[in-house]
Amino acid sequence: MSLINIIKLRTKEVIETLYNISIDESAITVNVTKPEFEGDYTIVLFALLKPLKKSPDALGNELGKYLVDNNPHIFQSYNIIKGFLNLVIADSYWINFLSDNYNNTSFGKQQISHKKIMVEYSSPNTNKPLHLGHLRNIFLGWSAAELSKSIGNNVIKTCIVNDRGIHICKSMIAWKMFANGATPQSTGTKGDHFVGDYYVKFNEAYKGEVKTLEAEGLSAEEAEKEAAIMNAAQQMLVDWEAGKPDVIELWSMMNSWVYEGFDETYNRIGADFDKVYYESQTYILGKNLVEAGLEKGIFYKEEDGSVWIDLTNDGLDKKIVRRKDGTAVYITQDIGLAVDKYEEYKIDESIYVVGDEQNYHFKVLKLICEKLGLPYAKAIHHLSYGMVELPSGKMKSREGTVVDADDIVNEMISIARQKTEELGKVKDFTEAELTELYETIGLGALKFFLLRVDPKKKMVFNPEESIDFHGFTGPFVQYTYARIKSVLRKVRGEWSVVSAEHQPLLPLEKEIIILLEQFPATVEEAATLYDPSKIALYVFNLAKTFNSFYTEHSIANAESEEKKTLRVKLAQLTAQTLQTGMHLLGIKMPERM
């Protein structure tokens with residue numbers, strides 16, 4: 001139990017003892033004391049004044065005195081400032097906490113609930129490689145899953161591959177028209193990049209056809225409908241859903257190239273899935289549910305044969321669920337996938353990690369599932385995140401202006417190499433050790449930078465800024481960890497487990513221990529909110545505080561054996577906490593830098 005929760009519990013007990021009034025712990029607010037006041041934690045008294053019929057000073061004095069007198073192992077003293085009861089925690093409490101946990105490799109992990117949670121992330125299309133936007137999705141999804149595991153949930157990590165649809169057919173048509181039989185192997189191109197090039201070629205050819213038709217006198221709208229290459233792609237989609245053998249064969253071949261490319265990228269960035277779903281296998285179930293919904297009157301058919309749902313009474317709009325030619329749209333397969341997930345795993349919660357431009361889509365999905373009477377509809381949760389932009393602006397895949405994930409990873413590793421060599425501290429590393437170090441720093445910088453921002457916020461990614469050994473970055477935290485491990489290697493065997501219980505804590509020693517004690521509660525909060533940015537901010541503050549401490553105080557040459565013991569334990573638990581926290585972000589920690 002965190003100290004804040006202990007304080008709430010003790011306060012509840014005091015109130016019930018002194019005033020014979022039952023009160024819920026949730027009505028008691030405890031905050032970290034503001035730095036300008038004496039104290040470690042503060043009880044906010046205002047909400048308690050009316051039910052207890054007390055003035056702030058009277059209530060503060062009665063609560064404070066009782067807490068200190070009856071819990072001397074926790075509370076040392078108290079003071080009251082304008083309705084706030086500030087509590088000073090006894091040094092012995094912090095020292096005992098440190099002694100209990102410095103060797104605990106599971107520190108920060110809890111067994112709170114045992115819900116079955118599914119987290120779906122990545123969800124790529126097989127017409128283009130993974131890009132920078134996918135990386136924020138993947139890192140957020142992976143971290144959200146690990147955080148959920150850390151508080152005791154049974155987590156299933158999944159991915160839905162959008163392997164069918166008009167976008168796939170565009171790449172297929174372009175390959176037939178322009179490739180002359182070329183393959184990734186014959187051109188020496190990674191499979192997902194190879195297929196993505198033909199998606200760009202399709203859009204270039206389409207624009208050209210539209211421009212020509214407009215020059216011949218057609219309106220822009222007419223030209224877009226008449227363009228032969230687009231009609232061919234739409235016919236190919238109809239042929240695919242009809243199971244035309246040559247179309248299926250081409251589709252299978254091109255998708256296999258993309259999967260090989262995806263797997264290579266996933267392995268490199270440390271992404272993994274317990275289950276991969278494919279839209280080509282779920283859309284039929286969705287189409288069947290559309291038929292069932294038609295029969296129940298949930299959906300309706302337009303004159304052209306397309307099928308819709310009217311959600312205007314729910315404050316939304318009309319939404320197509322099947323095209324006039326009978327082919328499925330995204331929402332069709334999402335309905336089918338929701339059924340698949342629940343029937344296979346009986347999940348308590350289904351988390352979809354998807355960009356905020358799809359907020360409306362997921363409101364519609366949840367509402368349709370509710371109207372269809374599907375049992376898991378209430379469990380659908382959309383973990384929305386803001387788009388990633390570059391300093392130069394928004395990325396556009398159709399125009400080939402996206403930053404490929406592979407390219408950004410390579411660039412990050414290159415910058416890590418350059419910045420590390422500038423520091424000149426790795427001359428005794430082997431070539432293999434250097435390769436691993438640059439990958440660890442480069443990927444760590446990338447993941448940290450994309451996860452340090454609240455998921456809901458849009459962000460601008462700057463590669464140079466993300467690898468700064470002194471800023472709010474992954475390499476700063478990694479460097480602090482490596483520094484601590486170096487100190488611990490030097491003092492190994494030189495310290496004995498001497499009791500430091502009666503040693504007064506110096507301000508920076510106490511500040512670090514207070515931060516460490518807050519780690520499990522921070523993990524719980526981040527896991528509950530599916531917000532890894534809270535962990536990123538925490539590990540940065542812990543690393544920064546440790547560096548301030550280490551600048552002022554020696555570990556190896558401490559003033560006494562008791563102080564040396566205390567500081568070694570402090571360093572050990574700090575290193576362990578930094579490592580655990582960074583693992584929750586998917587980031588490895590180097591033992592040396």
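Two strands count as paired if DSSP finds at least two bridges between them. Keep that in mind for the first exercise, and remember that this is a predicted model.

**Exercise 1. The hairpin**

Take strands E3 and E4: which way do they run relative to each other, and how many bridges join them?

Solution. Start with the ranges: E3 covers residues 75-81 and E4 covers residues 84-89. Next, the bridges: there are six, and the two strands run antiparallel. With a cut-off of at least two bridges, the six found here make E3 and E4 a pair. Now pick one position across the ladder: Ser-77 faces Val-88, which belongs to E4. Last, look at the turn. Two residues lie between the strands of this hairpin, and Lys-82 has a positive phi near 50 degrees.

**Exercise 2. An aromatic pair**

What kind of aromatic pair do Trp-240 and Tyr-283 form?

Solution. You need two values here, as a pair of aromatic rings is described by the distance of the centres and the angle of the planes. For Trp-240 and Tyr-283, the centres are 5.5 Å apart and the planes make an angle of 45 degrees. Pairing asks for centres within 6.5 Å, and stacked needs under 30 degrees while edge-to-face needs over 60. So the pair of Trp-240 and Tyr-283 comes out as tilted.

Then place the two residues. Trp-240 belongs to helix H10 (residues 228-241) and Tyr-283 to helix H12 (residues 279-296), so the pair links parts of the chain 43 residues apart. Are these two residues buried or exposed? Trp-240 has a relative accessible area of 7%, so it is buried. Tyr-283, at 5%, is buried too.

To round this off, the model holds 23 aromatic pairs. There's also an aromatic cluster made of Phe-97, Phe-107, Phe-519 and Tyr-538.

**Exercise 3. Two helix residues**

Where do Asn-255 and Glu-370 sit, and how accessible is each?

Solution. Asn-255 first: look in helix H11, residues 245-269. Its relative accessible area is 3%, so Asn-255 is buried. Leaving out residues up to four places away in sequence, Asn-255 touches Thr-126, Asp-163 and Ile-168.

Now Glu-370, which is in helix H14, residues 359-371. Its relative accessibility is 30%, so Glu-370 is partly exposed. With the same sequence neighbours left out, Glu-370 touches Ala-377 and Lys-378.

**Exercise 4. Charges over rings**

Which ring does the charged end of Lys-201 sit over, and which one does Lys-275 lie over?

Solution. Lys-201 goes with Tyr-198, at 5.7 Å from the ring centre. Lys-275 lies over the face of Tyr-277, and there the distance to the ring centre is 5.2 Å.

Terms used:
Residues numbered from 1 in each chain as written. Predicted model: local features only at pLDDT ≥ 70, side-chain atom pairs only at ≥ 80, totals over all residues. Heavy atoms only, no water. Phe/Tyr/Trp six-rings, centres within 6.5 Å; stacked < 30°, edge-to-face > 60°. Helix = DSSP H or I, 4+ residues; strand = E, 2+ residues; numbered from the N terminus. Buried < 20%, exposed > 50% of the residue type's maximum accessible area, 1.4 Å probe, protein only. Lys NZ or Arg CZ within 6 Å of the ring centre and 35° of its normal. Contact = heavy atoms within 4.5 Å.
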